[in-house]
Amino acid sequence: MSLSEIGSALASAESRAGRAPGSVRLIAVSKVQPAERVAHVLKQGHRLFGENRVQEAAGRWPAFQELYDDISLHLIGPLQTNKARQAVEMFDAIHTLDRPKLARRFADLAQERGSCPELLIQVNTGEEPQKSGILPVETDAFVAEARAMDLPVTGLMCIPPAEEEASLHFALLAKLAERNGLPELSMGMSADFDKAIAFGATYVRVGSAIFGERVAPKD
Ligand SMILES: *Cc1c(COP(=O)(O)O)cnc(C)c1O
């Protein structure tokens, strides 16, 4: 699909769900994509992008930021504590706050720098051992812990298990966010962003549907 087709699909999903136009923001996930595809999407006027690796983002985005001064970059992949400084310097939002140690690191960096990117807490809604994220039952306590550190937590993020019905996970994430008074919900990818919008997504993270298939990254 082209960027404008995705835009229309997103707008009609908003309207079907009775959501206000523009209430869902499209994060174009550019990880592993060739620079010319990213350049093309920038030329069409899109400015909000997602990357899942700090190193890769650091290699690619400074050159584009020379050309466009209103790019917004979101980190959507796991973050090692030793890359936290680089991440807070580079990203406008980080969707993968997933453990107390990282929260403490962000709090230290926020104190030192006087600012902190928008933060979303990743919830492991499927309780998958190989996936990062806070367990659903621990989410309320972790939100409270992060707030006690004055971290600017705005919402929750999830990646549903591949083999399960995504709607159940979207509904669970929406419930956890609502009961914690968190306005942002980062959920929905190429295959299921319309469903995620029906359940209240405010950020959808769409990669292959915009840019085409990725060459599988080494994860
Ligand atoms: C790669 C990735 C996406 C985008 O996936 P597509 O299926 O290509 O849309 C979304 N979220 C996260 C966390 C990702 O790593």
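Q: In this predicted model, which residues is Phe49 in contact with, leaving aside its neighbours within four places in sequence?
A: The model is predicted, and local features need pLDDT of at least 70. Contact here means heavy atoms within 4.5 Å. Leaving aside neighbours within four places in sequence, Phe49 is in contact with Ile27, Ala28, Ser30, Val38, Val41, Leu42, Trp61, Ile71, Ser72, Leu73, His74 and Phe211.

Q: Which residues touch the most other members of the largest nonpolar core?
A: In soluble globular proteins, nonpolar side chains tend to be buried together. The largest nonpolar core in this model holds 60 residues, and helix H7 (residues 166-179) gives the largest share of this core, 6 residues. The members that touch the most others are Phe49, Leu97 and Phe106.

Q: How many residues are in the second, separate core?
A: Apart from the largest core there is a second, separate one. Its members include Val29, Leu48, Leu120 and Tyr203. The number of residues in this second core is 6.

Q: Which residue in S3 does Phe49 stand opposite?
A: Strand S2 (residues 48-51) pairs with strand S3 (residues 72-75) in the parallel sense, over 4 bridges. Helix H3 (residues 54-67) joins S2 and S3 in a right-handed β-α-β unit. Within S3, the residue opposite Phe49 is Leu73.

Q: What is the bridge partner of Leu75 in S4?
A: S3 also pairs with strand S4 (residues 93-97), in the parallel sense and over 2 bridges. S3, helix H4 (residues 84-90) and S4 make a right-handed β-α-β unit. In S4, the bridge partner of Leu75 is Ile94.

Q: What is the bridge partner of Ala28 in S8?
A: Strands S1 and S8 run parallel and are joined by 4 bridges. In S8, the residue that partners Ala28 is Val206.

Q: Which residues of strand S8 are buried on the side opposite Tyr203 and Arg205?
A: In a regular strand the side chains alternate between the two faces of the sheet. Both faces of strand S8 (residues 203-206) are covered, with Tyr203 and Arg205 buried on one side. On the other side, the buried residues are Val204 and Val206.

Q: Which residue has an N or O atom in its side chain 2.5 Å from an oxygen atom of the ligand?
A: The residues surrounding the ligand are Val29, Lys31, Ile76, Met157, Ile159, Met189, Ser190, Arg205, Val206, Gly207, Ser208 and Arg214. A polar backbone atom of Ser208 is 2.7 Å from an oxygen atom of the ligand, and an N or O atom in the side chain of Arg214 is 2.7 Å from a ligand oxygen atom. The side chain with an N or O atom 2.5 Å from an oxygen atom of the ligand is that of Ser190.

Q: Is Gln122 buried or exposed?
A: Gln122 lies in strand S5 (residues 118-122). Not counting residues up to four places away in sequence, Gln122 touches His95, Thr96, Leu97, Asp98, Ser132, Gly133, Ile134, Met157 and Ile159. A polar atom of the Gln122 side chain lies 3.4 Å from the backbone oxygen of Ser132. Because its relative accessible area is 3% and the cut-off is under 20%, Gln122 is buried.

Q: What is the length of the polar contact that joins the side chains of Glu184 and Thr202?
A: Glu184 is found in strand S7 (residues 184-186) and is buried, with a relative accessible area of 14%. Not counting residues up to four places away in sequence, Glu184 touches Arg25, Glu118, Leu120, Thr154, Gly155, Leu156, Thr202 and Tyr203. The polar contact between the side chains of Glu184 and Thr202 is 2.6 Å.

Q: What is the phi of Val32?
A: Val32 lies in the loop between strand S1 (25-29) and helix H2 (35-43). Its relative accessibility is 29%, so Val32 counts as partly exposed. Although Val32 is not a glycine, its phi is positive, at about 60°.

Q: Is Asp150 exposed or buried?
A: Asp150 is placed in the loop between helix H6 (139-148) and strand S6 (153-157). Its phi is near 65°, a positive value in a residue other than glycine. Since the relative accessibility of Asp150 is 69% and the cut-off is over 50%, Asp150 counts as exposed.

How values were computed:
Residues are numbered from 1 along each chain as its sequence is written. This is a predicted model: local features need pLDDT of at least 70, side-chain atom pairs count only at pLDDT 80 or more; totals for chains, interfaces and linings use all residues. Side-chain values use heavy atoms; hydrogens and water are left out. A nonpolar core is a set of buried Ala, Val, Leu, Ile, Met, Phe, Trp, Tyr and Cys residues joined through side-chain atoms within 4.5 Å. Buried means under 20% relative accessible area, exposed over 50%, partly exposed in between (1.4 Å probe, protein chains only). Two strands pair if DSSP finds at least two bridges between them. A crossover is right-handed if, with the strands pointing away from the viewer, the path from the first strand over the helix to the second runs clockwise. A residue is near a molecule or strand if one of its heavy atoms lies within 4 Å of it. A polar contact is a pair of N or O atoms within 3.5 Å; within protein, one must be able to donate a hydrogen and the other to accept it, and residues adjacent in sequence count only if both atoms are side-chain atoms.
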